[in-house]
Structures are given as structure tokens and as C-alpha cells.
Amino acid sequence: MLTVVLLFISNTFMTFAWYGHLKYRSAPVLEAIFFSWFIALGEYCFQVPANRIGYGRFTGYQLKIIQECITLLVFVVFAYLYLGEPVRWSYALSFVCLLGAVYFAFWGRF
């Protein structure tokens with residue numbers, strides 16, 4: 001559970017690092033890069049421990065699949081609340097398909 005919590009925190013940092021600057025398109029690109037790298041440092045402070053704690057309980061593949069689903073979940077909330085983009089039915093259906101990938105990655109584990 002700690003692994004998942006740390007991955008949620010790290011993905012929140014990374015989503016802002018990768019996409020937060022889109023709201024400030026008038027800012028110079030080098031400034032956006034600098035701030036993105038600064039934010040990404042926070043992401044690594046949570047992501048590295050998350051994977052170290054989780055590896056062994058989960059396989060490397062399972063950690064990556066968990067991380068990708070968390071990334072999408074965090075991004076949906078970010079895009080809706082921060083960027084003001086609506087969630088279309090096709091995006092929601094795509095997310096359901098990715099949750100199917102998680103199901104198959106853990107098939108037989110529990």
C-alpha cells in the first residue's frame with residue numbers, strides 16, 4: 001500500500017512537471033524547462049523509494065503497470081481541474097481498457 005501511495009505522490013509531481021507549463025504558454029521555453037526539472041526532482045524523491053519498497057512484493061512489470069494506471073488517473077484529474085479539459089466518453093473507455101491490463105498483469109496472483 002505504501003508503494004501505491006508514494007507512486008500517487010510522485011505521479012502528481014511528474015504530471016505538473018510535464019504538463020503544468022501548458023497553462024502558461026507565454027512563458028519562455030527555457031523557463032518552462034527549468035521549472036519542470038525542478039518539479040521533477042520532487043517526483044524522483046517519491047518514485048525511487050516507491051519502487052524499492054514495492055519490488056519483491058511486485059514484479060518489475062507489475063510496478064510499471066501500476067505506475068502507468070496511476071499516471072492516467074492523476075492526469076485525468078489534472079486535465080479536468082487544472083487544464084479545464086472535459087473527460088470524453090472515449091477517454092473513459094480507454095481508461096477502462098487499461099484497467100483490464102492491470103487485471104491481466106495480476107492474473108493468478110491473488
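Helices here are DSSP runs of H or I with at least four residues, strands are E runs of at least two, and both are numbered from the N terminus. This is a predicted model, in which local features need pLDDT of at least 70 and side-chain atom pairs count only at pLDDT 80 or more, while totals for chains, interfaces and linings use all residues. Residue numbers start from 1 along each chain as its sequence is written, and side-chain values use heavy atoms, leaving out hydrogens and water.

**Figure 1. The whole chain, with its four helices and zero strands.**
Walk along the sequence and you get the pattern α-α-α-α. The C-alpha atoms fill a box of roughly 50 × 35 × 15 Å, taken along the principal axes. Of the 110 residues, 27% count as buried (under 20% relative accessible area; exposed is over 50%, partly exposed is in between, with a 1.4 Å probe and protein chains only). Now look at who touches whom: among contacts (heavy atoms within 4.5 Å) with a separation of 6 or more, 80% come from residues 24 or more positions apart.

**Figure 2. Arginine 57, in the loop between helix H2 (29-54) and H3.**
This arginine has 49% relative accessibility, so arginine 57 counts as partly exposed. Set aside the neighbours within four places in sequence, and arginine 57 is in contact with Met1 and Arg109. Threonine 3 is worth picking out in this view as well: 54 residues separate threonine 3 from arginine 57 in sequence, yet their C-alpha atoms are 9.8 Å apart in space.

**Figure 3. Glutamine 62, in helix H3 (residues 60-81).**
Is this side chain's residue buried or exposed? Glutamine 62 counts as buried because its relative accessibility is 6%. Not counting residues up to four places away in sequence, glutamine 62 touches Ala105, Phe106 and Arg109. Arg109 should look familiar, since arginine 57 is in contact with Arg109 too.

**Figure 4. Asparagine 51, in helix H2.**
With a relative accessible area of 23%, asparagine 51 is partly exposed. Which residues does asparagine 51 touch, not counting those up to four places away in sequence? They are Leu7 and Leu63. For a sense of scale, try glycine 100: asparagine 51 and glycine 100 are 49 residues apart in sequence, with 22 Å between their C-alpha atoms.

**Figure 5. Tryptophan 37, in helix H2.**
Here the relative accessibility comes to 68%, so tryptophan 37 counts as exposed. Bring alanine 17 into the frame: the C-alpha atoms of tryptophan 37 and alanine 17 are 6.9 Å apart in space, and the two residues are 20 apart in sequence.

**Figure 6. Leucine 93, in helix H4 (residues 89-105).**
Leucine 93 is partly exposed, and its relative accessible area is 45%. You'll need to zoom out to fit glycine 54: its C-alpha atom is 29 Å from that of leucine 93, with the two positions 39 residues apart along the chain.

**Figure 7. Aromatic pairs, of which the structure holds twelve.**
The rings of phenylalanine 104 and tryptophan 107 form a stacked pair because their centres are 5.7 Å apart and their planes meet at 15 degrees. Rings of Phe, Tyr and Trp (its six-membered ring) pair if their centres lie within 6.5 Å; planes under 30 degrees apart count as stacked, over 60 as edge-to-face and the rest as tilted. Phenylalanine 104 and tryptophan 107 are both exposed.

**Figure 8. An aromatic cluster and the lysine that sits over one of its rings.**
Ring pairs tie Phe16, Trp18, Tyr19, Phe75, Phe78 and Tyr82 together into this cluster. Which ring does the charged end of lysine 23 sit over? It's the ring of tyrosine 82, and the charged end lies 4.4 Å from the ring centre. The test for sitting over a ring is NZ of Lys or CZ of Arg within 6 Å of the ring centre and within 35 degrees of the ring normal.
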